[in-house]
Amino acid sequence: MKFFQCLTIICMILSIVAGTFIIPAAAAVYLHELAVLPAFCIPAGVLWAITLALFLKTKRSPIRLTTREGILLVCFAWIGAGLLGAVPFMLSGYVPHFSDAIFESVSGFTTTGASALENIESYPMALRVWRTQMHWLGGMGIVALTVALFPLLGVGGFQLIKSETSGPDKGKVTAKITHTAKALWFIYLGMTILQILLLCVAGMPFLEAMCHSFSTLGTGGFSTQNTSIGYYQSSAIEIICTVFMLLAGGNFSLYFHLFTGNPEEFFRNSELRAYLRIVFAAAIGIALVLIPIYGAAAAFRHSFFHVASIITTTGFSTVNYCTWPPFAQALLFLLMFTGGCSGSTAGGIKVIRWVILRKQAYNEMQRLIHPHGVFSIQLNRRPGRKDVVYSVAGFLFVYCICLLISFLAATLSGQDILTSITAALTLVGNIGAAFGRIGSGGDFSFFPHWAKILFSFSMLAGRLELYTIVILCVPAFWRR
């Protein structure tokens, strides 16, 4: 292990995160919340000093990372980000308990959106800005941002990106991984700016429009208001957020192909087509049972909003969906097992994995009819890799084990079955929305401190596609 080089990279990543403290710090100055200003300035100054000292001490040469080193570096970078993000909450004095601060920070960076804080409107706006900003940084990936800004990582950069990005098939959209990271971040930034402008036009104040754009594009779900998007009572704001949630749940690599004159990749993508079919089928099904309650227009608007919120693992809400008819709640519950597209900022299992399993199930039935036939999975109208089915099966097994551990931890803390199972789903899938005591408008504040620490690791595992965290528990990983 190239200890000092890897430690320098981790500190560089965290220094970039600390550099973004300037946004909540500026909000604190603008809103005269000067009491919370040191909570951002002190940790940033200390971290920059440590990083500078390490950078000057470390020999600057091309860094070639092994697979083990890349995984460890990504893990420690994300754990470090979770610790760093908790510091402003604790130094400000508004979140005195370490477990609450860690849970809130990890939930922010992993874009889970589950909160351990009650009555968020009572907190300074600067801290509320930081909560949503963590979503935005974690959505596209803090390591990807570092690779985009500092191509000093050399060939190890691709290994880091692979450990952080989502989906069973991870590759580049340009020849160099640094160009890929920059391209995706530029698309991400452009979409964020566009949503901010549209929300401002729809009547939302600029600072709140920025926060909700951070949460929407990062598919996180933290809001500046206790009642989330429902606070604004605006159909225009609801529609804008619905559209951008669905966009954020799509594969950003496809947007790159679309913008660079290669629309064929976009329109023939198997996962995207399945993703849109699921959204429309679920939204129409829910809307039909909501029409007697809200009327046709409002029923379709609320239905599409909450379907987009759940499938993209954002977690926003406009109304209390826990009071909806059981059929509507059941469809939302099933969407918690789906997730967005691979290569998106959304969490969950991902649509592509269900597409692969569906195609494999069909092939197995074909094999029963034609025992001597040869069948392969077609993805994007091209033959897929043969080993991808084994990869998906292994992932789903590990996913279920993580769900089981989180579920048992929730029940051990004294919660009912519905609250416990949806807590596990929302944590491992980075969904945010849930049912039971943590349903619409609920939070995790009533869980014991030990459970919040364990849940923080569940969220990290979900964000890093399980293997990156779970592999640390495998003895063979540590053997030379």
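Over which residues does pLDDT stay under 50, and how many contacts beyond four places in sequence does the model have for them? The stretch is residues 152-156, and the model has 11 such contacts for it. The structure is a predicted model, and the mean pLDDT of the protein is 86. Of its residues, 90% reach a pLDDT of 70 or more.

## Helix pairs

Three pairs of helices are described here. The table gives the angle, the axis separation and the handedness of each crossing.

| Helix pair | Angle | Axis separation | Crossing |
|---|---|---|---|
| α3 (residues 37-57) and α4 | roughly 140° | within 8 Å | right-handed |
| α4 (residues 67-91) and α6 (residues 125-140) | about 170° | 10 Å | right-handed |
| α14 (residues 270-294) and α16 (residues 326-335) | about 160° | 9 Å | left-handed |

Helix α4 takes part in two of these pairs, with α3 and with α6. The axes of α3 and α4 cross at roughly 140°. Because an angle counts as roughly antiparallel over 145 degrees, α3 and α4 are oblique to each other. On the α3 side, P38, A39, F40, P43 and L47 make the contact, and on the α4 side L84, V87, P88 and L91. By class, the residues of this contact are nine nonpolar, with no polar and no charged ones.

Helices α4 and α6 pack at an angle of about 170°, and they are therefore roughly antiparallel to each other. Here α4 contributes W78, G85, P88 and F89, while α6 contributes L127, W130, R131, M134 and G138. These residues divide into six nonpolar, two polar and one charged. P88 of α4 thus appears in the contact with α3 and again in the contact with α6.

The remaining pair is α14 with α16, packed at an angle of about 160°. That angle makes α14 roughly antiparallel to α16. The residues that meet are I278, A282, G285, I286 and V289 from α14 and F327, A328, L331, L332 and L335 from α16. Nine of the residues in this contact are nonpolar and one is polar, with no charged residue.

## Individual residues

Three residues in helices illustrate the surroundings of single side chains. Is I10, a residue of helix α1 (residues 3-19), buried or exposed? Its relative accessibility is 13%, so I10 counts as buried. Leaving out residues up to four places away in sequence, I10 touches L73, F76 and A77. Those three positions fall within the span of α4, residues 67-91. Between I10 and I453, which are 443 residues apart along the chain, the C-alpha atoms are separated by 22 Å.

S107 belongs to helix α5 (residues 98-109). With a relative accessibility of 0%, S107 counts as buried. Apart from neighbours within four places in sequence, S107 is in contact with T112, G113, A114, H135, F222 and M459. One of these, H135, has a position inside α6, residues 125-140.

S270 is placed in helix α14, the helix that packs with α16. At 8% relative accessibility, S270 also counts as buried. Among residues more than four places away in sequence, S270 touches Q378, L379, N380 and R381.

Definitions and conventions:
Residues are numbered from 1 along each chain as its sequence is written. This is a predicted model: local features need pLDDT of at least 70, side-chain atom pairs count only at pLDDT 80 or more; totals for chains, interfaces and linings use all residues. Side-chain values use heavy atoms; hydrogens and water are left out. Axes are lines fitted to C-alpha atoms, for helices over the stretch in contact, and angles run from 0 to 180 degrees between N-to-C directions. Helices (H or I, at least four residues) and strands (E, at least two) are DSSP runs, numbered from the N terminus. Angles under 35 degrees count as roughly parallel, over 145 as roughly antiparallel, 65 to 115 as roughly perpendicular and the rest as oblique. A crossing is left-handed if the near helix is turned anticlockwise from the far one by less than a right angle, and right-handed if clockwise. Contact means heavy atoms within 4.5 Å. Ala, Val, Leu, Ile, Met, Phe, Trp, Tyr, Cys and Pro count as nonpolar, Asp, Glu, Lys and Arg as charged, and the others, Gly among them, as polar. pLDDT is the predictor's confidence in each residue, from 0 to 100. Buried means under 20% relative accessible area, exposed over 50%, partly exposed in between (1.4 Å probe, protein chains only).
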